[in-house]
Amino acid sequence: MIDKLQAHYGFNRMPFGRDLAPGMLHRHASHNEAVARITWCISERSIGVVTGEVGAGKTVSVRTVLHGIDPSKHTVIYLPNPMIGVRGIHEAIVTAFGQQPSHLGSRLTAQTGLALAAEREERGRTPSWSSTKPTCSTTNSSKPSGC
């Protein structure tokens, strides 16, 4: 069925798939604002939280920013499930740097800190991570609301 629709409309690929390059997406004011705020968080090395209704474009905004950052200056760590808890986040960070996570909680915390510091100090790259969790809350503050 999909093949017939694609042939009828002359598409050689699905027009609205998740694999679209960020440059192929429609950029509107709220998308541009989210991208600017996420970029600000990365440049300031601060923690940012992007919230919004399902389908609002949170993931698209994050993908747009990640597509545009210099991989020689940033290491991106993607956490597909932020509900894994603090230990799970520490394990994901340590694993992303090619290390075997410690089984002891206190050592894992120290190992995580050392891995992040080494990435910054020895390699000159800023670790940035992304996680996706749909939420329906919004943020209003004097700082950019995505951060």
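**Exercises: Ser 102, Gly 68 and a surface patch**

Let's begin with Ser 102, which sits in the loop between α4 (85-96) and α5 (105-121); helices here are DSSP runs of H or I, at least four residues, numbered from the N terminus. The model is predicted, with local features needing pLDDT of at least 70 and side-chain atom pairs pLDDT 80 or more, while totals for chains, interfaces and linings use all residues. Residues are numbered from 1 along each chain as its sequence is written, and side-chain values use heavy atoms, leaving out hydrogens and water.

**Exercise 1.** Work out why Ser 102 counts as buried, and find its partners.

- Step 1: Buried means under 20% relative accessible area, exposed over 50%, and partly exposed in between (1.4 Å probe, protein chains only).
- Step 2: Ser 102 has 17% relative accessibility, so it counts as buried.
- Step 3: Its side chain reaches the backbone nitrogen of Leu 104 at 3.2 Å.
- Step 4: Leaving aside residues up to four places away in sequence, Ser 102 touches Arg 87, Arg 107, Leu 108 and Gln 111 (contact: heavy atoms within 4.5 Å).

**Exercise 2.** Place Gly 68 and decide whether it is buried or exposed.

- Step 1: Look in helix α3 (residues 58-68) for Gly 68.
- Step 2: With 62% relative accessibility, Gly 68 counts as exposed.
- Step 3: Thr 39 is 29 residues from Gly 68 in sequence, yet their C-alpha atoms are 9.5 Å apart in space.

**Exercise 3.** Classify Ile 2 by its accessibility.

- Step 1: Ile 2 belongs to helix α1 (residues 2-9).
- Step 2: Its relative accessibility is 46%, so Ile 2 counts as partly exposed.

Definitions and conventions:
Helix = DSSP H or I, 4+ residues; strand = E, 2+ residues; numbered from the N terminus. Polar contact = N/O pair within 3.5 Å; in protein donor to acceptor, adjacent residues only side chain to side chain.
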